[in-house]
Structure formats: structure tokens, C-alpha cells
Amino acid sequence: MSATVSKDVFSFFKKLEKNNNRDWFNANKPEFKAIEKDVKAFYNSIFENLNMHDDIDKLKIFRIYRDVRFSKNKLPYKTHFGGSFHRTKPRLRGGYYLHIQPNNESFIATGFWEPAKEDLLRIRKEFEMDDAEIRDILANRDFNSIWGNTFVGDEVKTAPKGFSKEHKAIDLIKKKQYIFTKKYTDKEVLSAHFITEVDQAFKAIRPFFDYMSDVLTTDLNGVSMVE
């Protein structure tokens, strides 16, 4: 398993940015396949590290081919690698994501990208009832030194239907996504320490995941909904 990201990844994508067409890609496909093999090994190393302190049942590395059917951007190829790590459901909730892209655009992300309608309502109801525990997690110094003290992602303008816009936790309730992100420079990604830093950052998110898993596997009375 690879424990580092090769500089060849960034150099290939920089060339692809200037030649994002099928003829060029097909001519350089052997180089891409070699890079892809190494990057998949790197993602698998992260997968193994995660499973030393979490329970991950699936790694999905996204293909380089863009779906241009409904996009104004008709360029056929992505200029990054992306991979997601799925925690074992239904007992555990949340997920991890690693994005590798040149020009200092790499990042990691964790949280809830597209929570199901039922899960989103359950989270909002929890915050409406009691927001103290999530506030404590966000305020923790070790936690927010890595992930910050606020969520990123989409939100409604005022309040979701059925919730008061005057509620003291409306800043949390109006979120449609509960995501944290952390950016990395190209130099940081190519460092021998990058894989360790990613693992430590993912490990630091666990208080949030433990809390959210508890919320999403119980009803508002605290009764388990998971066998």
C-alpha cells in the first residue's frame, strides 16, 4: 500500500487541465492508469488506518469521467481524485471524503452531505430540544483546532417548515448539510506526513460522529430504533 501521494499526480492533472479532451487523454492513458493505481493504493492505506479506530465497510473512489449530461461544463474529465469512506450503517452514521487536486485545491471533508429527509428532521428536532451537547463539541479546543467551530454546507434562508426562526438554535436547525472541511496545499499533500495528518483529523471528528450516531439511532425519547 502506498503511504504517500506522488508529485506525478499533480503534474498529470495540470497537463490534463490544458488538454481536457478525449484524444489527449487516450494518448496518455497509460500514464493515467499508473497514477490511478498508486492513488488507489493510497486511498486503501487510509481505509486501513480508519479501520484501526472506526468501522468502515466501504471505500468508493470516483471515476475520472465526468457526467456532462446535465452540466454546462462539457469537459469530459475531472482534474482531481475523490474518494469516500462509508461507516457501517445503521449503527454508525457519517462519512469521510478525501479530494486530491493540484493548485492547492485538495481537502478532506466529513459529516453529512445529503442526509435523508427523515434523518434531517431528526437532527433538527434534536437541536430544537437541546443544543447544549453539539455546542460543547463544536467549542472543544482540540476539535475546532482542526475542523473549526461551525458547519459548512447549504441552509435554508430563515427556518425550515415547522420550526421557529426565533429559536435559539436556529443557526443549527436551518442547515441542510452538516459538513466540516479542511484544506491542504500541494506541498502538504506531497509530504510524507500527509497520511498521518489525514488520519488524525478523521480521528478528531469522532465526538461529533458518536453524538450524531446516537441521535440518528434513537427517537426523541432516547429509545433505540436499531436492533
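**View 1. An open sheet of 5 strands, shown in a predicted model, follows the order E1-E2-E3-E4-E5**. The pairing in this sheet is antiparallel. Strand E1 (56-61) and strand E5 (178-184) stand at the edges, and because each has a single partner strand, one side of each is left without a neighbour in the sheet. Going from one strand to the next, the reader can follow a twist that averages 15°. Strands of a sheet pair through backbone hydrogen bonds, which may be arranged in a parallel or an antiparallel way.

**View 2. Strand E2 and strand E3 pair in the antiparallel sense**. Residues 81-87 form E2 and residues 95-100 form E3, and the two strands are joined over 6 bridges. Within this pairing, Phe 85 can be found opposite Tyr 96, which belongs to E3.

**View 3. Helix H9 packs on the sheet**. This helix, made of residues 194-204, touches E3, strand E4 (106-112) and E5, and the direction of H9 makes about 20° with that of E4.

**View 4. The largest pocket holds about 470 Å³ of space**. The pocket is lined by 20 residues, of which the closest to its centre are His 86, Lys 89, Gly 111, Trp 113 and Glu 114. Three strands of the sheet, E2, E3 and E4, each supply at least two residues of this lining, and the largest share, 4 residues, comes from E2. Sorted by character, the lining residues of the largest pocket comprise 9 that are nonpolar, 5 that are polar and 6 that are charged.

Methods:
Residues are numbered from 1 along each chain as its sequence is written. This is a predicted model: local features need pLDDT of at least 70, side-chain atom pairs count only at pLDDT 80 or more; totals for chains, interfaces and linings use all residues. Side-chain values use heavy atoms; hydrogens and water are left out. Two strands pair if DSSP finds at least two bridges between them. Axes are lines fitted to C-alpha atoms, for helices over the stretch in contact, and angles run from 0 to 180 degrees between N-to-C directions. Contact means heavy atoms within 4.5 Å. On a 1 Å grid over the protein atoms alone, a cavity is a set of points where a 1.4 Å probe fits but cannot get out, and a pocket is an open set with protein on both sides within 12 Å along at least five of seven lines; lining residues have an atom within 4 Å of a point. Grid points are joined across faces, edges and corners, and a volume is the space filled by probe spheres set on the points. Ala, Val, Leu, Ile, Met, Phe, Trp, Tyr, Cys and Pro count as nonpolar, Asp, Glu, Lys and Arg as charged, and the others, Gly among them, as polar.
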